[in-house]
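This report describes selected features of one protein model. The reader is invited to keep the sequence and the structure in view while reading.

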Amino acid sequence: MVGFFRRIRLTASFCPISGLLVLIFTLIPFTSVTAQAGPGDGYDLWLDYQPVSDTALLLDYQQQLLRIQAPEGDGTPRVIREELQQGLSTMLGREPVFETRDASRAGLVVMPYEALPESLRKNIPAPEAGIETYRIHRVQKGKHRPLVVTAHGDSGLLYGTFHLLRLLQMHQPLARLDLSEAPRTDIRMLNHWDNLDRTIERGYSGFSIWNWQTLPDYIDPRYMDYARANASVGINGTALTSVNANALILTPHYLEKVKALADLFRPYGLKVYLTARFSAPMEIGGLSTADPLDPGVIAWWRQKADEIYAMVPDFGGFLVKANSEGQPGPQNYGRTHLDGANMLADAVAPHGGVIMWRAFVYSEHDPTDRAKQAYSEFVPYDGKFRDNVLLQVKNGPIDFQPREPFHPMFGAMEHTPLMMEFQITKEYLGFATHLVYLPKLFEETLQSDTYRKGKGSTVSKVVDGSLFGNRLTGMAGVSNIGTDYNWTGHLFGQADWYGFGRLAWDPDLSSETIAGEWLRCTFSNDPGVIAPLKAMMLESREAVVNYMNPLGLHHIFDTGHHYGPGPWVDNLSRPEWNPVYYHQADAEGIGFDRTATGSDALSQYAPEVARYFGNLETCPEEYLLWFHHLPWDYPLKNGRTLWDNLGMKYQQGVDQVREMILTWESLESQIPPERYRQVHMLLGIQLKEAQWWRDACMLYFQTFSGREFPPEMEPPQHTLEYYKSLKFPYAPGIRPRWN
Ligand code: BDP
């Protein structure tokens with residue numbers, strides 16, 4: 001019971017009137033299986049500070065940590081003290097005391113490095129330069145040997161405090177602690193695809209947590225809990241609105257609301273960003289053009305930036321989707337992405353703002369392979385963007401698929417900062433109902449080798465700027481957060497939010513380490529619980545690839561909502577929106593030829609990478625049909641045909657979900673009943689949908705291959721006609737009409 005929201009509710013229940021309210025609250029039938037409040041409900045996320053059960057450890061912690069010297073004052077210092085008070089009292093069962101006079105009695109010192117007494121400072125190496133870095137050090141010499149959390153700035157102290165609390169949650173010993181941390185990227189941000197009417201594009205866990213109607217006067221305590229959760233994993237930015245932007249957010253009426261959120265978030269080190277609709281000068285500014293070279297347009301954006309910064313002095317900047325999927329942009333005026341990005345960059349530069357210009361562009365008028373278009377559009381501009389522009393590039397060249405090779409732009413633009421964009425919400429991975437641990441996917445991309453400066457030129461080194469020495473760096477994650485009681489719909493979706501933050505902080509962290517941390521903080525420190533759950537999480541990503549898009553297949557989702565399979569769809573106006581464009585199945589075989597005999601998308605990679613994927617001997621089977629069109633009887637490494645392997649992979653995916661269910665069931669006695677039940681029901685949905693994917697795709701592909709299903713595959717439950725007849729006009733998260 002630690003969240004701010006939770007504390008409010010508890011306090012309220014003491015008075016009879018609100019007691020009645022609580023009763024009513026519990027009687028309301030919820031539409032979401034995860035919306036119920038109760039033990040293990042998930043509202044507290046990974047910050048569910050459980051009492052330390054190990055008595056020796058508890059004693060040790062109590063001796064060391066209950067007398068604290070911490071910074072005084074409002075803002076971040078207040079947040080630090082509150083978090084320590086909350087975390088320590090819950091985990092250690094006793095209230096900590098904040099020493100204001102005699103600091104030499106403090107067992108825990110949380111202080112800026114510059115403010116530490118000389119007697120301590122001489123025994124503690126300085127944290128690295130920067131306001132977000134920190135050091136946690138147990139002093140080993142002298143009379144006074146406290147545990148010290150120290151930093152050069154408030155944010156560093158806050159991050160260090162959360163790190164210390166995490167160590168306690170994970171039952172780590174303190175005696176010899178000495179660790180130093182510095183974030184590897186500058187901008188670590190969530191991208192909310194939240195609309196002003198509170199629907200969320202590709203959102204599956206309720207409505208937007210931003211209540212634009214009641215802001216700025218009503219402050220939902222959830223806003224603070226949101227900021228606190230982000231700070232606990234080092235996320236320092238949030239773009240509040242959808243990339244398919246609505247210009248109204250830039251009007252004074254909405255900017256008042258944005259300011260209220262920014263003021264709340266500031267103590268948590270969280271900066272606010274907005275999406276900028278390129279045609280805003282016309283829609284809300286009364287101009288007749290949005291041409292980026294027009295003096296009136298240039299002046300309008302400058303004035304708009306001045307207006308925003310007057311209200312939100314630390315405003316982060318604009319995130320822009322332009323000339324992509326129907327959004328307006330500079331090309332509407334015969335200008336380029338470069339013209340557009342630099343014009344906006346000049347508007348925010350005097351205030352220290354940045355422009356995150358998305359590279360997710362492709363056009364129905366361009367007949368070349370969609371996978372090639374972003375590279376062709378942007379790489380020629382390398383080195384020409386203003387210093388405060390980052391190009392925000394999706395992890396793969398198509399669109400957040402269950403598996404994609406890394407985007408060829410990574411490593412190809414030495415003089416331009418490239419920001420990573422991952423999707424945390426599971427648009428193409430089973431919505432919030434499937435348990436799929438995404439840090440495994442993120443890690444796969446980050447550890448891919450671009451070979452741009454020889455072996456070891458990983459995507460992580462492009463993103464953290466170390467490969468080319470870029471000054472500005474960042475990582476964005478499309479949020480999976482909504483109004484569902486547990487924030488993310490599926491409890492395990494919280495691990496994706498957590499893991500995104502951890503990887504943005506350190507892009508070389510392993511997904512296994514992150515899973516271990518999250519499990520310990522969310523479930524328990526019992527190895528009997530952690531080991532099976534960790535194995536299940538790590539396997540879950542491969543399971544979804546197998547039952548949705550095995551062997552390099554991609555984008556065969558039903559259209560619009562992307563819920564379930566639709567490999568047969570071929571009637572959409574834009575060719576590259578049709579699944580048949582991607583799988584290219586015919587009587588001969590299946591797959592997209594991206595070698596020199598096909599679209600030659602491979603030529604956009606470094607020669608080593610192009611050779612590796614291009615050569616059938618070396619191309620990993622998981623990327624086979626991404627890069628090659630192969631005959632149905634093409635033999636794979638196991639000696640069986642491509643067709644048989646396809647069926648076996650789909651079956652394997654279904655079997656993996658069955659395994660996940662068995663694992664979960666084996667832990668029933670160790671998991672709070674409500675939490676157990678919720679996840680169990682969701683796993684049931686996942687199994688049904690995995691079977692649906694297998695059956696629908698294999699029946700459809702059989703119309704081309706004309707072969708029997710492999711004996712390993714269970715027979716389909718329905719006919720192809722049945723699967724084709726399924727329609728879901730109300731599937732969640734569909735793109736609304738924006739204007
Ligand atoms: C696609 C989504 C669409 C987004 C688009 C984007 O289907 O809703 O607008 O990405 O990233 O995956 O802009």
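## Two helices and their lengths

Helix α22 covers residues 673–705, which makes 33 residues. At 1.5 Å a residue, these should span 48 Å, and the C-alpha atoms at the two ends are 47 Å apart, so the expected and the computed values agree. The model is a predicted one. Just after α22 comes Gly 706, which takes a positive phi of about 65°.

The same reasoning can be applied to helix α15, residues 493–505. Its 13 residues should span 18 Å at 1.5 Å a residue; the end C-alpha atoms are 19 Å apart, which agrees. Helix α15 is also mostly covered, since 13 of its 13 residues are buried.

## The surroundings of the ligand

The ligand is surrounded by 15 residues. The closest of them are Glu 201, Lys 321, Arg 358, Asp 399 and Glu 427. What kinds of residue make up this shell? It divides into 9 charged, 4 nonpolar and 2 polar residues.

Several side chains place a polar atom beside an oxygen atom of the ligand. For Glu 201, a polar side-chain atom lies 2.4 Å from a ligand oxygen. For Lys 394, the corresponding distance is 2.6 Å. In the case of Tyr 428, an N or O atom of the side chain is 3.4 Å from an oxygen atom of the ligand. On its own, the ligand has 320 Å² of accessible area, and the protein covers 99% of this area.

## An open sheet of six strands

In general, the strands of a sheet pair through backbone hydrogen bonds, and the pairing may be parallel or antiparallel. One open sheet in this model has 6 strands in the order β2-β1-β3-β5-β4-β6, with mixed pairing. Its edge strands are β2 (97–98) and β6, each of which pairs on one side only.

Strand β4 (residues 134–138) stands between β5 and β6 in this order. Which strands pair with β4, and in what sense? Strand β6 (residues 178–181) pairs with β4 in the antiparallel sense over 4 bridges. Strand β5 (residues 147–151) also pairs with β4 in the antiparallel sense over 4 bridges. Arg 135 takes part on both sides: its bridge partner in β6 is Ser 180, and its bridge partner in β5 is Thr 150. In addition, His 137 stands opposite Val 148 in β5.

Strand β4 is mostly covered, with 5 of its 5 residues buried. The side chains point in two directions: Tyr 134, Ile 136 and Arg 138 point one way, whereas Arg 135 and His 137 point the other way. The residues of both groups are buried.

## Strand β14 and its parallel partners

Strand β14 (residues 474–478) is likewise mostly covered: 5 of its 5 residues are buried. Gly 474, Ala 476 and Val 478 point one way from the strand, while Met 475 and Gly 477 point the other way.

Strand β7 (residues 187–191) pairs with β14 in the parallel sense over 5 bridges. In this pairing, Asn 191 stands opposite Val 478 of β14. Strand β13 (residues 418–423) also runs parallel to β14, and 4 bridges join the two. Here, Phe 422 has Gly 477 of β14 as its bridge partner.

## Two buried residues in loops

Are the two loop residues described next buried or exposed? Asn 388 has its place in the loop between α12 (370–378) and β12 (389–394). Its relative accessible area is 12%, which is under 20%, and therefore Asn 388 counts as buried. A polar atom of the Asn 388 side chain lies 3.0 Å from the backbone oxygen of Ala 345.

Phe 431 lies in the loop between β13 and α13 (439–446). Its relative accessible area is 6%, so Phe 431 also falls under the 20% limit and is buried. How far apart in space are Phe 431 and Tyr 563? The two residues are 132 residues apart in sequence, and the distance from C-alpha to C-alpha is 7.8 Å.

Definitions and conventions: Residues are numbered from 1 along each chain as its sequence is written. This is a predicted model: local features need pLDDT of at least 70, side-chain atom pairs count only at pLDDT 80 or more; totals for chains, interfaces and linings use all residues. Side-chain values use heavy atoms; hydrogens and water are left out. The expected span of a helix is 1.5 Å times one less than its number of residues. Buried means under 20% relative accessible area, exposed over 50%, partly exposed in between (1.4 Å probe, protein chains only). A residue is near a molecule or strand if one of its heavy atoms lies within 4 Å of it. A polar contact is a pair of N or O atoms within 3.5 Å; within protein, one must be able to donate a hydrogen and the other to accept it, and residues adjacent in sequence count only if both atoms are side-chain atoms. Accessible areas come from the Shrake-Rupley method with a 1.4 Å probe; for residues, only the protein chains shown count as cover. Ala, Val, Leu, Ile, Met, Phe, Trp, Tyr, Cys and Pro count as nonpolar, Asp, Glu, Lys and Arg as charged, and the others, Gly among them, as polar. Two strands pair if DSSP finds at least two bridges between them.
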